[in-house]
Amino acid sequence: MTSHEIRNAFLDFFRSKGHKIVPSAPLVLKNDPTLMFTNSGMVQFKDYFLGNGTPPAPRIADTQKCLRVSGKHNDLEDVGFDGTHHTMFEMLGNWSFGDYFKEDAIAWSWELLTKVLGLQPDRLYATVFGGDEKEGLASDEEARDFWRKYLPVNHILDGSKKDNYWEMRARGPCGPCSEIHYDFRSDEDRAKIPGEKLVNQDDPSVVEIWNNVFMQFERKADSSLVPLPAKHVDTGMGFERLCMVLQGKRYTYDTDIFTPFITFIEKTSNKKYHGSYDRSALTDVAMRVVADHIRAVAFTIADGQLPASGGAGYVIRRILRRAVRYYYSFLEIKEPFLNKLVPLLADEFAEVFPELKAQQDFVQKVILEEERSFLRTLENGLKRLDSIAPLPSPLRREDEVSLLGGDERVTGIISGEDAFELFDTFGFPVDLTELIAREKGLSVDIKGFEKALQIQKNRSKADAEKQVGDWVAPLPSPQRGEAAAGKSSFGEDLGGLGAVEFVGYDELSIADAKVVKYRAVKDKKGMQYQIVLNKTPFYAESGGQMGDTGYMEFDGERIDVLDTKKENDLIIHIISKVPENIKVESVIAQVNATKRSATSKNPPATHLMHAAVHHILGKHAVQKGQNVDDERLRFDFSHFQAVTKDELAEIEHLVNQKIRENIQLEEVRNMPIEEARQTGAMMLFGEKYGENVRVITFDKDFSRELCGGTHVPATGEIGLFKIVSESAVAAGVRRIEAITADEAEAYINDKLNKLSTVEELLKHPKDVVQKVEDLQDENKRLQKQIEAMLLEQAASLQKELRAEFVQQDGFQLLVKRLPLSDANTVKTLAYNLEKEVGNAVIVFGTVSNDKPQLTIRISDDLVQAKGLNAGTLIRELAKEIKGGGGGQAFFATAGGSDVNGLDAALARVVQLI
């Protein structure tokens with residue numbers, strides 16, 4: 001069976017068993033602070049298990065894109081070296097929410113694997129939870145009994161709590177699980193060692209292919225377990241492993257999921273793939289790295305996460321750069337290549353994950369620009385590596401010898417600080433630095449690198465550290481109101497409220513809210529508290545719109561709401577303290593009406609601008625992100641070049657035209673998703689939509705989008721729209737920032753006031769622009785005169801300085817404090833003198849704007865022959881002027897704050913050399 005047939009067979013089978021087939025959630029999570037990426041099939045259903053939402057059907061099946069490259073699931077450095085690790089993978093899953101349980105789950109697993117997919121029954125093994133005496137957990141005899149219908153006793157194995165008991169977190173839903181393993185060894189090998197001896201023993205020929213989790217308990221705050229009112233099934237089957245087994249392959253990279261990409265890489269690189277998993281077979285490793293990494297990078301970009309310098313974007317950039325480094329170093333491909341795989345990838349997955357095919361050109365362009373950028377950085381990094389002066393290594397060390405692969409002496413060591421600079425500044429993974437160092441007979445101070453890296457991690461960890469307390473429910477369930485009644489399977493400690501009711505589209509103040517739960521949160525800013533109400537008028541930050549502020553009132557005590565956030569689908573209010581009487585029957589919740597009014601003008605303005613961008617730039621210009629609050633709006637969209645002034649003017653004019661038309665808002669709050677799609681409503685890739693959506697229309701022929709934000713009732717209330725900037729965000733993504741209403745009026749008035757001031761300073765000329773241009777021309781003319789005078793002064797000084805060189809250890813040395821202040825003039829003088837004298841070291845000290853400066857020029861021959869390094873020398877001298885600097889081995893500069901130290905710095909030159 002092909003991989004396409006296998007995937008369809010799974011989905012068709014569970015469709016026939018009454019399951020609703022749902023699409024994969026995006027790889028990037030937007031409202032879950034506990035995860036950066038979707039790393040398992042159950043993530044998109046977490047709210048249903050926690051009782052914070054209602055599933056669209058009691059039975060669901062899907063194939064979910066997953067990414068495991070951060071946190072405890074970080075396998076990145078193994079990818080490419082073995083045959084089964086991947087960054088992105090598919091997880092096939094079937095789910096029951098209070099419907100069927102162990103008997104059906106096990107029966108259907110057996111039916112699918114043996115009857116539909118044709119696996120040999122005698123090669124299958126099942127594990128069941130064997131109990132845990134220390135935890136007081138009994139073995140799962142129920143699951144064992146069901147498996148006995150299909151498997152002999154020796155094929156049903158007890159598993160430990162580690163392998164066969166699943167818990168989402170320290171508290172909450174949990175239960176035993178049953179793994180299914182497959183033994184695909186030869187009959188001869190199976191006869192020697194029974195398969196049951198190798199299950200969960202890390203044998204690559206006896207692998208887990210499916211896990212059935214049976215959620216039947218709730219872990220309470222005191223660690224006790226109570227049965228759940230409704231039991232659930234959560235299963236996950238690794239698609240790549242399943243294909244490996246069904247296609248009779250030993251490694252997932254040998255299945256038809258990956259072979260088309262490896263074949264493409266072979267043809268492009270003119271290198272042969274041998275299928276070797278020896279760690280030294282780096283050509284094969286590189287091909288697997290590229291074939292794997294393009295999936296993670298392309299699908300994450302398609303789901304809305306661009307490569308960036310921090311957060312999830314940095315993870316994607318790191319994966320992309322790892323792929324570039326491997327094809328650059330081991331496939332000898334020196335130009336952007338990864339992007340060329342995008343069309344093949346888009347075609348292969350068009351049926352199951354159509355979002356990539358729909359954005360193929362955009363994704364390919366983003367990857368291309370990222371590759372170009374890193375390849376340039378790679379070249380600069382290699383130059384920097386060439387300029388690093390290694391520390392001496394007079395002694396032969398065993399680890400250095402092993403790195404070199406022989407009995408050669410290590411001639412030097414690249415310091416940990418320099419290795420970290422290459423990593424931090426140039427994006428060099430340390431193993432790349434090690435590889436290049438070995439070619440030069442050098443080693444790398446790995447311990448020093450790890451120390452520098454740990455310092456950075458500790459700093460980041462300290463900045464991000466947060467302590468989150470347990471949820472506390474102040475009222476018993478009967479007092480929580482209708483929103484809490486009977487909607488949770490997991491009891492009071494988890495909230496038990498179903499979905500929080502948001503009433504903020506219609507009301508900014510309510511007086512009958514009830515506290516469902518609250519908790520304390522401590523971070524570097526101090527202690528804050530999070531509170532959940534059964535219903536609320538506060539809009540929680542989501543979809544790029546900032547959360548509401550305001551206050552709550554508890555029995556006369558007013559508590560400010562500092563912000564409102566979303567955690568999955570839970571609306572959380574941030575407050576500075578817990579009220580004295582949090583058990584009050586009714587809470588008054590009041591949104592800051594002024595701030596909400598100002599904020600609500602910007603989502604519709606963004607809709608209008610999105611439509612205008614479509615009309616003027618083209619249909620390719622679709623939203624890639626937005627951020628709106630009460631002061632401004634920011635809109636990111638796909639476009640491959642700067643938006644011209646004329647185009648910006650057209651966009652602004654069209655938006656203001658629609659504002660003046662005072663178009664009435666058309667809102668449908670619960671339209672079925674398919675009906676919304678048929679209306680032509682704009683849907684954004686990377687967003688997770690429910691069964692029913694909210695559709696916002698301002699003129700059905702102009703703007704119709706899915707949106708959960710707050711909006712004014714008519715465009716006329718926006719008042720005025722003004723674009724204030726346009727810039728690049730990333731490859732293929734532009735950003736427009738704009739303001740509306742009072743902010744736009746204030747902005748324009750400020751510009752007019754400044755223009756009036758300029759006119760006054762210029763004595764009210766008839767043409768202000770012409771007058772400024774005339775002044776600029778005059779300034780340029782005078783500047784050229786100054787430059788000519790400086791060059792004349794430098795030429796005269798050059799003649800004098802030629803006589804001041806002194807012989808020093810076989811080269812010419814000049815150390816001089818100069819009466820010059822222009823850095824370019826000093827640099828030109830240094831280069832001219834070196835060219836004229838040759839074999840020279842030149843060190844100048846100068847003062848510019850009361851700040852000391854140092855300049856060093858060393859002849860290239862001396863850099864090679866004597867190992868002199870201007871960058872190293874300048875860093876030492878800069879300490880005397882309380883400054884810093886750097887540069888290359890032949891030229892470096894430094895600046896400081898202490899003029900009095902300049903002479904001392906110059907006096908140290910001879911000593912340091």
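This section describes salt bridges, nonpolar cores, sheets and one buried arginine in a predicted model.

A search of the whole structure gives 55 salt bridges. One of them joins Glu 332 and Lys 271, with 3.9 Å between the closest N and O atoms. Glu 332 is located in the loop between helix 10 (311-330) and helix 11 (342-348), and Lys 271 in the loop between helix 8 (259-269) and helix 9 (282-302), so the salt bridge ties together parts that are 61 residues apart in sequence. The two partners were assigned to separate accessibility classes: Glu 332 is exposed because its relative accessibility, 57%, is over 50%, whereas Lys 271, at 23%, is partly exposed.

A salt bridge is also found between the side chains of Arg 384 and Asp 418, at an N to O distance of 3.9 Å. Arg 384 belongs to helix 13 (residues 360-387) and Asp 418 to helix 15 (residues 416-426); the pair links distant parts of the chain, 34 residues apart. Both Arg 384 and Asp 418 are buried.

In the salt bridge between Asp 699 and Lys 658, the N to O distance is 3.9 Å. Lys 658 is part of helix 20 (residues 645-660), while Asp 699 sits in the loop between strand 26 (692-698) and strand 27 (703-706), so this contact ties together parts that are 41 residues apart in sequence. Asp 699 is partly exposed, with a relative accessible area of 24%. Lys 658, by contrast, has a relative accessible area of 10% and counts as buried, because this value is under 20%. Elsewhere, salt bridges link Asp 122, Arg 123, Asp 187 and Arg 190 in a network.

The largest nonpolar core comprises 118 residues, and those with the most contacts inside it are Leu 113, Ile 209, Tyr 327 and Ile 367. Helix 9 supplies the largest share of this core, 13 residues. With residues up to four places away in sequence not counted, Tyr 327 touches Val 290, Ile 333, Pro 336, Phe 337, Leu 338 and Leu 375, and also Glu 332, Glu 335 and Glu 371. Glu 332 is thus a contact of Tyr 327 as well as the salt-bridge partner of Lys 271.

The largest nonpolar core has 118 residues; a second, separate core has 29 residues, including Ile 651, Val 655, Phe 721 and Ala 738.

Four strands form an open, antiparallel sheet in the order 23-24-29-28. Strand 23 (623-628) and strand 28 (721-730) are at the edges and each has a single partner strand, so one side of each is left without a neighbour in the sheet. On average, and with direction ignored, neighbouring strands of this sheet are turned by 15 degrees against each other. Strand 23 is joined to strand 24 (residues 633-638) by 5 bridges in the antiparallel sense, and Gln 626 stands opposite Phe 635 of strand 24.

Two helices lie across strands of this sheet. Helix 19 (residues 602-617) lies across strand 23, strand 24, strand 28 and strand 29 (733-740), and runs at about 30 degrees to strand 24. Helix 22 (residues 741-761) lies across strand 28 and strand 29, with an angle of about 90 degrees to strand 29.

Further along the chain, strand 30 (residues 806-808) and strand 31 (residues 811-817) run antiparallel and are joined by 3 bridges, with Gln 807 opposite Gln 812 of strand 31. These two strands form a hairpin with 2 residues between them, and Asp 809 in the turn has a positive phi of about 50 degrees. Strand 31 also pairs with strand 32 (residues 840-848), in the parallel sense and over 6 bridges; within this pairing, Val 815 has Val 843 of strand 32 as its bridge partner. The connection from strand 31 to strand 32 passes through helix 24 (residues 823-837), and this β-α-β crossover is right-handed.

Arg 596 was examined individually. This residue is found in helix 18 (residues 593-600). Arg 596 is buried because its relative accessible area, 5%, is under 20%. Leaving aside neighbours within four places in sequence, Arg 596 is in contact with Phe 502, Gly 504, Leu 508, Pro 537, Tyr 539, Asp 548, Val 591 and Thr 710.

How values were computed: Residues numbered from 1 in each chain as written. Predicted model: local features only at pLDDT ≥ 70, side-chain atom pairs only at ≥ 80, totals over all residues. Heavy atoms only, no water. Buried < 20%, exposed > 50% of the residue type's maximum accessible area, 1.4 Å probe, protein only. Contact = heavy atoms within 4.5 Å. Salt bridge = Lys/Arg side-chain N within 4 Å of Asp/Glu carboxyl O. Core = buried A, V, L, I, M, F, W, Y, C linked by side-chain atoms within 4.5 Å. Pairing = 2+ DSSP bridges. Axes fitted to C-alpha atoms, helices over the stretch in contact; angles between N-to-C directions. Right-handed = clockwise from strand over helix to strand, strands pointing away.
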